[in-house]
Amino acid sequence: MKIENKKWSLEKFNQIREEVLKQWPTGQDVDLEEAIEYQKNIEPKKRVTAKLKEAKESGITLIQPRAGVALIDKHIELLRFLQDEGKADILPTTIDSYTRQNNYEDAEAGIKESREEKRSMLNGFPAVNHGVQGCREVVEALASPLQVRHGTPDARLLAEITLAGGFTDFEGGGISYNIPYAKEVSIERTIYDWQYVDRLVGLYEENGISINREPFGPLTGTLVPPSVSHTVALVEGLLAAEQGVKNLTLGYGQCGNLVQDVAALESLRELAAEYFADFKDIMLTTVFHQWMGGFPQDEAQAFAVISWGASTAALGNATKVITKTTHEALGIPTKEANAEGLKASKQVINMLRDQSLASNDKLEKEKEMIKKETKQIMDHVLELGKGDLAQGVVKAFKAGVIDIPFAPSRFNAGKILPARDNEGAVRYLDHGNLPFTEEIVKFHQKKLEDRGKDEGREASFQMVIDDIYAVGQGELVGRPK
Ligand SMILES: CCC[C@H]1O[C@@H](n2cnc3c(N)ncnc32)[C@H](O)[C@@H]1O
């Protein structure tokens, strides 16, 4: 298919929609006019966009967990606990892995097994199989707004059903839910399929229904440098805005050095203000993901990692923080552990509400570098696309101009190598084909050479390995043993 960054006509959208709704029987229950009326009756306090707007205006950081189980009644019980006990500001519905692969047969089998075993045999909520009515049962049982969180390269049917089902926020994008999640799916395919999702959201918006969209910030969650993460967030946001999306939460996954992470959040806001300047009626917010890498198994140490993430989110004035739990190193958390992660995060955010990180040379330098790097990549993407962002993205991945570290996708160049400098900030040990100036390349090389001098070793791949295991072993920088 030919992809271009141009708003789809209704005719094109409806033509494809017929096929999308046939992918599983529950697709036949989606009636867009009826769904728009249903969404119209969802009051503002249950809409994610209203909650984000209020938080952005009052400068507070909202808390949101991840959570999802197989059966509707158990999923409601779980979310009610996270709402009432965990005080989550925004509730998730994390979708199961079968559904993420459009494998609705196995999701169906998982529902049946869960009923037999009386426990969740899926690692999330199979929203497509439960259908519009099943989603509405969840939405109507809760007081807080709900967002769909998943990792689905082809999320078209999932979006149709969950939005008709009353969810008011949908995570993901054609890069962030492809490259870190799939091996064989082309960029053209997922850019195209996510234009469908965003055109659907645009249709709801054209009917007065505000639906928030949140590109998946952390990507592979493994030492992803801020400028790589920001490039993907901006690109996915711009492609979404072209299709009529009006509410965007741009995300970033914690790296661990406070100054770099606060600089990442501040530069993300500033870059977004620049890149979305032509879209007059867009609401932009930010989400910070608590540490997405390996966690310590020990509960107390895990709480420290969670609290460090909450601290950074608050000091970086993120609109929302995605919380972790002390079961991160073990598997799907219990509802109690999930609620504890929320409560620890809320405590820190409340205590830091009236504080901010004073501006300083290091912070300003970090912001300057992140913005320069991101702009150099973005300029090159647009050049490759001869002004068309969608075409530019496809060519950029082929050329390694956009390159995500440790991604499984065979469409990703995988040439860049990140490692921490002596203060734990993530630097480019190898910048691959990223189109950086000499100034940028030398800045990163020097930072890593300084660490090497301090550790008495060459800046090398061994540092990368040591840094990947460090947090799980109680450190941030992977020092030589
Ligand atoms: C980006 C996704 C990775 C994160 O997503 C969490 N995650 C995945 N599935 C569930 C679930 N069903 N309930 C609670 N958390 C969940 C993992 O722990 C990890 O942190």
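Student: Which side-chain atom lies 2.8 Å from an oxygen atom of the ligand?

Tutor: That is a polar side-chain atom of E328, and it should be kept in mind throughout that the model is a predicted one.

Student: What does the side chain of K324 do around the ligand, and how far away is it?

Tutor: An N or O atom in the side chain of K324 is 3.0 Å from an oxygen atom of the ligand.

Student: And what about G68, which part of it is 3.0 Å from the ligand?

Tutor: For G68 the atom concerned is a polar one of the backbone, and its partner in the ligand is a nitrogen atom. Taken on its own, the ligand has 450 Å² of accessible area, and the protein covers 80% of that.

Student: Which residues are around the ligand?

Tutor: Besides G68, K324 and E328, the residues around the ligand are R66, A67, T94, N123, Y181, F216, M292, I332 and P333. By class, this shell divides into six nonpolar, three polar and three charged residues.

Student: Where does the ligand sit?

Tutor: The space that the ligand takes is the largest pocket, which holds about 1,000 Å³ of space.

Student: How many residues line that largest pocket, and which lie nearest its centre?

Tutor: The lining is made of 38 residues, and those nearest the centre are R66, T94, N123, I332 and P333. These five also appear among the residues around the ligand. The lining as a whole divides into 12 nonpolar, 13 polar and 13 charged residues.

Student: Which helix gives the most to it?

Tutor: That is α4, with four residues, while α4 (72–84), α6 (104–117) and α13 (335–351) each supply at least two residues of this lining.

Student: Changing topic, how many cavities of 30 Å³ or more are there?

Tutor: The structure holds three of them, and in the largest cavity there is about 100 Å³ of space. Its lining has 14 residues, of which P218, G221, V224, G253 and Q254 are the closest to its centre.

Student: How do the residues of that lining split by class?

Tutor: The lining of the largest cavity has seven nonpolar and seven polar residues, and no charged ones.

Student: What about the second largest cavity, how much space lies in it?

Tutor: About 70 Å³ lies in the second largest cavity, and the residues lining it include W194, D198, R213 and E236. The elements that give two or more residues to this lining are α9 (187–206) and α10 (226–242), and α9 gives the most, with four. By class, the lining of the second largest cavity divides into five nonpolar, three polar and three charged residues.

Key. Residues numbered from 1 in each chain as written. Heavy atoms only, no water. 1 Å grid on protein atoms, 1.4 Å probe; cavity = no way out; pocket = protein on both sides within 12 Å on 5 of 7 lines; lining within 4 Å. Points joined across faces, edges and corners; volume = space filled by probe spheres on them. Nonpolar A, V, L, I, M, F, W, Y, C, P; charged D, E, K, R; others polar. Near = heavy atom within 4 Å. Polar contact = N/O pair within 3.5 Å; in protein donor to acceptor, adjacent residues only side chain to side chain. Areas by Shrake-Rupley, 256 points an atom, 1.4 Å probe, with all protein chains shown as cover. Sits in = over half its atoms within 2 Å of the grid points.
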